[in-house]
Amino acid sequence: YVRGRTLQFHIQRHRQEFTDTFIRRVFVHLLNGLREVHANKLLHLDIKPANIYITMESKPVLLDFGAARQALSSDHQRLRPMYTAGYAAPEQYRNGDDLGPWTDIYSVGATMYTCIAGIHPQPANDREKKDQLTPLHEMVRGGFSPELLSIVHWCLEIDHLKRPQTAFELQKALTQEP
């Protein structure tokens with residue numbers, strides 16, 4: 001019962017107001033919550049603008065844990081995959097053996113990409129076949145630091161070992177001064 005709107009609403013109606021500072025602030029706060037999720041050996045697995053609520057105080061709240069999995073425990077059961085194209089990491093399309101915090105990090109990166117570009121990135125399973133992801137620096141003119149754009153693309157690496165491995169690692173990168 002918190003007042004506010006989804007990040008999806010803000011992207012559709014107020015994206016022109018997004019700044020480097022706004023994105024960094026929102027996602028640093030969001031990653032605090034995601035760190036707690038991961039500390040409890042859970043993965044969200046469906047992070048996207050529609051599942052992030054921005055309160056009236058401009059604080060992000062991560063919603064909809066319907067796809068969440070206890071994937072960080074060694075005795076997890078095989079569950080039917082649930083994901084959203086454009087936001088799901090490549091490993092979510094496969095057997096799921098490579099799932100980890102980096103899987104949610106991909107989705108955070110895809111969500112930041114959407115905040116900046118106004119469209120979601122090319123679905124990861126398509127990128128594995130033929131990567132045609134348009135780099136953000138080709139889509140936006142000013143308003144965002146090259147460092148932020150690089151961080152977003154770092155999160156969107158197809159190889160999960162090349163992405164930030166933890167929410168804290170990403171959070172640390174986002175708090176660095178450009």
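**Group meeting: a walk through the fold and its salt bridges**

Hi everyone, let's start with helix 1, residues 7–14, which lies across strand 1 and strand 2 and runs at about 85° to strand 1. Please keep in mind that this is a predicted model.

Helix 2, residues 20–39, lies across strand 2 and strand 3, at about 35° to strand 3.

Now to the strands themselves. There are three of them in an open sheet, in the order 1-2-3, and the pairing is antiparallel. At the edges you'll find strand 1 (4–6) and strand 3 (60–62), each with pairing on one side only. From one strand to the next, the twist averages 30°. If you look at strand 2, residues 52–55, you can see that it runs antiparallel to strand 3 and that three bridges join the two. A handy residue to click on here is Tyr53, which stands opposite Val61 in strand 3.

Let's move on to charged side chains. How many salt bridges does the count come to? The count is five, and I'd like to show you some of them.

One of them pairs Lys48 with Asp46, with 3.7 Å from N to O. Both Lys48 and Asp46 are buried.

Next, please find Arg163, which makes a salt bridge with Glu91; their closest N and O atoms are 2.8 Å apart. Where do these two partners sit? Arg163 is in the loop between helix 7 (146–155) and helix 8 (167–175), while Glu91 is in helix 3 (residues 90–93), so this pair ties together parts that are 72 residues apart in sequence. Arg163 and Glu91 are both buried.

Then there is Glu128 with Arg94, where the closest N and O atoms of the salt bridge are 2.4 Å apart. This pair also links distant parts of the chain: Glu128 belongs to helix 5 (residues 124–129), Arg94 to the loop between helix 3 and helix 4 (101–117), and their positions lie 34 residues apart in the numbering. Are they buried or exposed? Glu128 counts as partly exposed because its relative accessibility is 38%, and Arg94 is partly exposed too, with a relative accessible area of 37%.

Last topic, for those of you thinking about cysteines. A disulfide is a covalent bond between the sulfur atoms of two cysteines. This structure holds zero disulfides. Cys115 counts as buried because its relative accessibility is 1%, and buried here means under 20%. Cys155 is buried as well, with a relative accessible area of 0%.

That's my tour, thanks for listening!

Definitions and conventions
Residues numbered from 1 in each chain as written. Predicted model: local features only at pLDDT ≥ 70, side-chain atom pairs only at ≥ 80, totals over all residues. Heavy atoms only, no water. Disulfide = S-S within 2.5 Å. Buried < 20%, exposed > 50% of the residue type's maximum accessible area, 1.4 Å probe, protein only. Salt bridge = Lys/Arg side-chain N within 4 Å of Asp/Glu carboxyl O. Helix = DSSP H or I, 4+ residues; strand = E, 2+ residues; numbered from the N terminus. Pairing = 2+ DSSP bridges. Axes fitted to C-alpha atoms, helices over the stretch in contact; angles between N-to-C directions. Contact = heavy atoms within 4.5 Å.
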